[in-house]
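Here are a few exercises to work through with the model open beside you. Try each task before you read its solution.

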Amino acid sequence: MHCQQCGQILEERDLDREKFIANCRNCYAISDFSNMPDMVRENTLRKQSSVPMPEGVTMETQDRHLVIKCRWYSKYSSIRSLINSLGVDTFLIYFLVTKRL
């Protein structure tokens, strides 16, 4: 939705869903959306539904900031690291030994 005065995009926190008005933070104008057709108004002003977060991802609000955390460590990551290290070490040892001969 855009401000009817200056065209600035209106944020959700600027909308009053009961009165169908919005306050523009750019030009401080009050936009009246009560004359919109009911179908358009319902689709535009409907509340966003919550979406389930993927496993290992959390979203929280701290003060006025949104913090999204992704847990990268899993129970198999240490095993993967060990296998990877053994593979790299084996390659390096082979490379160093064959270069000396």
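**Exercise 1: Two aromatic rings**

Phe91 is exposed, because its relative accessible area is 53% and the cut-off for exposed is over 50%. Keep in mind that you are looking at a predicted model.

Task: Find the ring that pairs with Phe91, and decide how the two rings are arranged.

Solution:
- Step 1. A search for aromatic pairs gives 1 for the structure.
- Step 2. That pair joins Phe91 and Phe95, with 6.2 Å from centre to centre and 20° between the planes.
- Step 3. Planes under 30 degrees apart count as stacked, so Phe91 and Phe95 are a stacked pair.
- Step 4. Now place the two rings in the chain: both lie in helix 2 (residues 77-100), 4 residues apart, or about one turn of the helix.
- Step 5. Compare the surroundings: Phe95 is partly exposed at 39% relative accessible area, whereas Phe91 is exposed at 53%.

**Exercise 2: Cysteines and disulfides**

Task: Work out how many disulfides the structure has, then look at Cys6 and Cys27.

Solution:
- Step 1. Searching the whole structure turns up 0 disulfides.
- Step 2. For Cys6, the nearest cysteine sulfur belongs to Cys24 and is 3.7 Å away. A disulfide needs sulfur atoms within 2.5 Å, so Cys6 is in no disulfide.
- Step 3. Cys27 is likewise in no disulfide, and its nearest cysteine sulfur is that of Cys3, at 3.7 Å.
- Step 4. Check the accessibility too: Cys6 is partly exposed, with 36% relative accessible area, and Cys27 is partly exposed, with 31%.

**Exercise 3: The three-strand sheet**

Task: Which strands stand at the edges of the open sheet, and why is one side of each left without a neighbour?

Solution:
- Step 1. Write down the order: 3 strands form an open sheet as 1-2-3, with antiparallel pairing.
- Step 2. Strand 1 (15-16) and strand 3 (30-32) are at the edges; each has a single partner strand, so one side of each has no neighbour in the sheet.
- Step 3. Follow one pairing: strand 1 and strand 2 (residues 21-23) are antiparallel over 2 bridges.
- Step 4. Within it, Leu15 faces Ala22 in strand 2.

**Exercise 4: A hairpin**

Task: Describe how strand 4 pairs with strand 5, and find the residue with a positive phi in their hairpin.

Solution:
- Step 1. Strand 4 (residues 57-62) and strand 5 (residues 65-70) pair in the antiparallel sense over 6 bridges.
- Step 2. Glu60 is opposite Val67 in strand 5.
- Step 3. The hairpin has 2 residues between its strands, and Asp63 takes a positive phi near 55°.

Key
Residues are numbered from 1 along each chain as its sequence is written. This is a predicted model: local features need pLDDT of at least 70, side-chain atom pairs count only at pLDDT 80 or more; totals for chains, interfaces and linings use all residues. Side-chain values use heavy atoms; hydrogens and water are left out. Two strands pair if DSSP finds at least two bridges between them. Buried means under 20% relative accessible area, exposed over 50%, partly exposed in between (1.4 Å probe, protein chains only). Rings of Phe, Tyr and Trp (its six-membered ring) pair if their centres lie within 6.5 Å; planes under 30 degrees apart count as stacked, over 60 as edge-to-face and the rest as tilted.
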